[in-house]
Amino acid sequence: MLSLVYGAELQRDSMNAGDGDESRDEEGYFLEYQGGFNDDVFLSAGARYTDNEDFGTKTTYRAGAVYLVTAGEGEFKLKTTYGTGFRAPGLYEIAYNVGPFATPPALGTELGAEESEGYDAGVGYFATSGWYVDVVYFDQKIDDEIYFDLINFSGYLQGPGESSSNGVEVSAEVPLNDMLTLTSNYTYTDTKDFEGEQRLRVPKNMGNIGVLVSP
């Protein structure tokens with residue numbers, strides 16, 4: 001099965017910062033291919049062209065693949081994705097840095113667009129009885145990351161370099177009976193900001209466990 005998805009969109013942002021209305025248009029044009037082969041290989045590839053009124057144009061990409069392997073009473077799923085991203089600073093972020101609540105070093109700071117690149121690869125086993133275990137490794141890098149100054153609370157700053165996040169996520173689900181399902185997930189994340197220090201407010205270890213109830 002093959003499919004091709006394409007389209008265009010127009011996003012208009014506006015706000016009133018107290019000294020007049022601010023607005024900005026962003027046009028987007030996208031194309032995505034999706035295909036399956038022999039019921040066990042699935043591929044996708046897409047591209048997006050973005051034209052931001054204030055920050056210019058950028059083309060970003062995304063590709064992914066899934067391979068299914070029957071094993072016992074279930075199947076293994078091998079998967080990977082790779083993609084790039086582009087984000088212009090929001091009107092609120094720009095307005096905050098020139099507003100009455102901003103202080104140095106953010107006061108008057110001109111923000112630029114940030115760009116990102118990342119990939120993930122994982123394997124999971126999905127049993128026909130309903131339980132599964134899924135493990136994914138991820139790696140993401142952001143150039144010129146925009147962030148709020150959580151030390152001085154001065155406003156929005158931009159790291160002059162590369163920030164990164166990588167780690168492993170494990171998730172599982174086990175049906176206990178017809179009504180109850182046990183769910184859990186755990187994520188280990190190693191982060192570095194543009195200065196090589198751990199990024200603020202990003203936990204290294206995070207986990208959840210719960211029970212889903214079906215009527």
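Is D39 buried or exposed? D39 is exposed, because its relative accessible area is 71% and the cut-off for exposed is over 50%. This is a predicted model, and D39 is a good place to enter it.

## Turns and backbone

D39 sits in the loop between β2 and β3. Its phi is positive, about 60 degrees, although D39 is not a glycine. N38 lies in the turn of the β2 and β3 hairpin and has a positive phi of about 55 degrees. That hairpin has 3 residues between its strands.

F153 is another residue with a positive phi that is not a glycine; the value is about 55 degrees. F153 belongs to the loop between β8 (146-148) and β9 (156-158). F153 counts as partly exposed because its relative accessibility is 47%.

A glycine appears in the hairpin of β4 and β5: G72 takes a positive phi near 60 degrees. Here too, 3 residues lie between the strands.

The backbone also holds a cis peptide bond, between P104 and P105, with omega at about 10 degrees. P105 is in the loop between α1 and β6.

## A run of antiparallel strands

Start at β2 and follow the pairing. Each row gives one strand pair and its bridge count.

| Strand pair | Sense | Bridges |
|---|---|---|
| β2 and β3 (residues 41-52) | antiparallel | 12 bridges |
| β3 and β4 (residues 56-70) | antiparallel | 12 bridges |
| β4 and β5 (residues 74-87) | antiparallel | 9 bridges |
| β5 and β6 (residues 114-127) | antiparallel | 14 bridges |

Individual partners help to fix the register. Y33 stands opposite A45 in β3. V41 has Y67 in β4 as its bridge partner. A63 is matched with Y82 in β5. G74 is matched with A127 in β6. The link between β3 and β4 is a hairpin, with 3 residues between the two strands.

When reading side chains along these strands, one rule helps. In a regular strand, side chains alternate between the two faces of the sheet.

## Strand β10

Two residues of β10 deserve a look. S164 is found in this strand, which covers residues 162-175. S164 counts as buried because its relative accessible area is 14%, and buried means under 20%. Beyond its neighbours within four places in sequence, S164 contacts Q140, K141, D190, T191, K192 and R199.

A172 is also found in β10. With residues up to four places away set aside, A172 touches Y132, V133, L182, T183 and S184. The C-alpha atoms of A172 and W131 are 7.4 Å apart, while the two residues are 41 positions apart along the chain.

## The nonpolar core

Which residues make up the largest nonpolar core? There are 5: Y96, A102, L111, I146 and Y156. L111 has contacts with two of the other members, I146 and Y156. L111 also touches F55, P89, E93, I94, N97, L157 and Q158, again leaving out residues up to four places away in sequence.

## Two pockets

Next, the open space. Rolling a probe the size of a water molecule over the atoms shows where empty space is left.

The largest pocket holds about 430 Å³ of space. It is lined by 18 residues, and Y147, F148, D193, R199 and L200 are the closest to its centre. The lining has 8 nonpolar, 3 polar and 7 charged residues. R199 links this pocket to β10, as R199 is among the contacts of S164.

The second largest pocket has a volume of about 360 Å³. Its lining has 16 residues, with A17, I94, A95, Y96 and V98 nearest the centre. The elements that give two or more residues to this lining are β1 (2-16), β2 (21-37) and α1 (91-96). The largest share, 5 residues, comes from α1. By class, the lining of the second largest pocket has 10 nonpolar, 3 polar and 3 charged residues.

This second pocket meets the core described above. Y96, near the centre of the second largest pocket, is also a member of the largest nonpolar core. I94, listed with Y96 at the pocket centre, is one of the contacts of L111.

Conventions: Residues numbered from 1 in each chain as written. Predicted model: local features only at pLDDT ≥ 70, side-chain atom pairs only at ≥ 80, totals over all residues. Heavy atoms only, no water. Core = buried A, V, L, I, M, F, W, Y, C linked by side-chain atoms within 4.5 Å. Buried < 20%, exposed > 50% of the residue type's maximum accessible area, 1.4 Å probe, protein only. Contact = heavy atoms within 4.5 Å. 1 Å grid on protein atoms, 1.4 Å probe; cavity = no way out; pocket = protein on both sides within 12 Å on 5 of 7 lines; lining within 4 Å. Points joined across faces, edges and corners; volume = space filled by probe spheres on them. Nonpolar A, V, L, I, M, F, W, Y, C, P; charged D, E, K, R; others polar. Helix = DSSP H or I, 4+ residues; strand = E, 2+ residues; numbered from the N terminus. Pairing = 2+ DSSP bridges.
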